[in-house]
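Please look through this structure with me, step by step, before we turn to questions and answers about how the chain is built.

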Amino acid sequence: AMKHGGTEARGPKWLEEAWRVSIATGNSTAAEEYMNLLDAKTPGLNLSTCFMKQLPDISRFQQLEAICLGYNRLTEFPLSICDHTSLRHLHLNRNQLSHLPDKMRSLQCLEHLNLGGNLLSTLPGSITKLTALQVLVLHGNAQLSELPEDLCELRYLRELLVGKCSLQHLPARITTLENLERLDLSSNQIKILHQDVGSLQRLQLLDVSQNMLYHLPASITALTDLEELHLESNRLRKLPDNIQSMQMRLKVLSLSNNLLGFLPDSLVDLTKLVDLDVSHNQLRELPDDLDKLINLKNLNVGMNNLSKLPDTITGLINIERIHLSKNRLASLPEELGVHMPHLRVLVLAYNEIKRLPLAMWHATSLQMLNLDGCVIEFPPAHIVEKGKESILQFLKSQQAEMERMAAHQANAGPGFASRLVSKSPKMTPSTSATNLQASMI
């Protein structure tokens, strides 16, 4: 299953009742017994997970609009299916099909074709004659190395899912599929994304993760309806400077496992972002004004070269998860946690942090605080060993004590500071907050 909905395509709601009975016994005999119980006018036939090597006779079902044959052992496309020209949904995923018949062009009403997880190495030209097709799933045909050049004839196509194949390039006119909303090209061998990819104006999801991309075409920023952009595990060194053009709808941006040395400042203008993953790159700093990302819930910047964080990270008011592991952070912003009422996960593992900011106790929704590999000196080790609750309680009590002492100092007048210094050899008249904390441990 893919991270954005999976490849196991579902039929429409009106078929749920027709497909309510599943073949629990998992054999072809049970399938035939099940078919004998069905009315000849049934619109949907579910024969998935029956371990069938061939399709039983289905000729008496003359009003079929959906056939599900997923998770079987079919090695040949059942030609009898082609006689059911009213079919709208055909699921043949997870079989052992190595080729498709030319006769399938007779399925002129077909809207949804799922061929994922088979052994297809080529597609016949007849597949481009299925002009009513809206969803085409080819995910997981590991030997499939190219798509038909005439794929653009499928002008009603909304979803094209071709992940985990062996594609090295795409048909030249694929960018003319003007109704395309979801395009999954993940886990292929694509080195160049078509320069006119921005022509796919209705695209909502684009997944080109786990390919061999070195750069992105400038037109990608014209995809203003895009909600998810998956670019992880490529070889990208930079992003388009005008990436803010995608700010209208973009919610998910995944850039992990690339070679990015910096992020454009305009990234913070993607104010609809909910998930941002830039982990496993070569980043030395994050853009200023991170607090513009007011809808961000998940931020992953682990496995980079960050030595500091911008103070504006404390303004991520809707953040729920922050991953900062395996960087070079020596300190954290003093206000971290104050304006983060929804923060549940904070991963700081394997950094050079020695001190946690007092204000972190404000993160009252925190459920996980990961400090693995950090040599924390404040709070002291015996507090850290007790876990998150003890750490937050300690920070809270220390801040309260610090505020009490500051109030006492204000009320006691100028002489207080010198009296305090005389009692603590660590302190000077210009005592910092850090030293004051140290004096209270």
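A salt bridge is counted where a side-chain nitrogen of Lys or Arg lies within 4 Å of a carboxyl oxygen of Asp or Glu. This is a predicted model, in which local features need pLDDT of at least 70, side-chain atom pairs count only at pLDDT 80 or more, and totals for chains, interfaces and linings use all residues. Residues are numbered from 1 along each chain as its sequence is written, and side-chain values use heavy atoms, with hydrogens and water left out.

Q: How many salt bridges does a search of the whole structure find?
A: The search looks for nitrogen and oxygen atoms that satisfy the 4 Å limit. Across the whole structure, the number found is 14.

Q: What is the mean pLDDT of the chain?
A: The pLDDT is the predictor's confidence in each residue, on a scale from 0 to 100. In this chain, 87% of the residues reach 70 or more, and the mean is 89.

Q: Over which residues, including 441, does pLDDT stay under 50?
A: One stretch where pLDDT stays under 50 is residues 13-25, for which the model has 27 contacts beyond four places in sequence, a contact being heavy atoms within 4.5 Å. Where pLDDT is low, the predicted coordinates should not be read in detail. Another such stretch, with 26 contacts beyond four places in sequence, is residues 420-441.

Q: How many strands does the chain have?
A: Helices (H or I, at least four residues) and strands (E, at least two) are taken as DSSP runs and numbered from the N terminus. Counted in this way, the chain has five helices, and its strands number 15.

Q: What percentage of the 441 residues in the chain is buried?
A: A residue is called buried under 20% relative accessible area, exposed over 50%, and partly exposed in between, using a 1.4 Å probe and protein chains only. By that rule, the buried share of the 441 residues is 50%.

Q: How far apart are the end C-alpha atoms of helix α3?
A: Helix α3 covers residues 388-412, which is 25 residues. The expected span of a helix is 1.5 Å times one less than its number of residues, so α3 should span 36 Å. The model agrees with this expectation, since the end C-alpha atoms are apart by 36 Å.

Q: Which helix gives the most to the largest nonpolar core?
A: A nonpolar core is a set of buried Ala, Val, Leu, Ile, Met, Phe, Trp, Tyr and Cys residues joined through side-chain atoms within 4.5 Å. The largest one here has 117 residues, and L113, L160, L206, L253, L346 and L356 are those with the most contacts inside it. Both α1 (28-36) and α3 supply at least two residues of this core. The helix that gives the most, with five residues, is α3.

Q: Which residues does L356 contact, leaving aside its neighbours within four places in sequence?
A: L356 is among the residues with the most contacts inside the largest nonpolar core. Two of its partners, I391 and L395, are also among the buried residues of α3. The full list for L356 is L332, L348, L371, I376, F378, P379, I391 and L395.

Q: How many residues apart in sequence are K103 and D83?
A: The side chains of K103 and D83 meet in a salt bridge, at 3.5 Å from N to O. K103 sits in the loop between β3 (89-91) and β4 (112-114), and D83 in the loop between β2 (66-68) and β3, so that the pair links distant parts of the chain. K103 is partly exposed, with a relative accessible area of 41%, whereas D83 is exposed, at 54%. Their separation in sequence is 20 residues.

Q: What distance separates the closest N and O atoms of D150 and R173?
A: D150 lies in the loop between β5 (135-137) and β6 (159-161), and R173 in the loop between β6 and β7 (182-184). Both count as partly exposed, D150 at 33% relative accessibility and R173 at 46%. The two form a salt bridge, and their closest N and O atoms are apart by 3.8 Å.

Q: Is T175 buried or exposed?
A: T175 lies in the loop between β6 and β7. Beyond residues up to four places away in sequence, T175 touches H194, D196, V197, S199 and L200. With a relative accessibility of 10%, T175 counts as buried.
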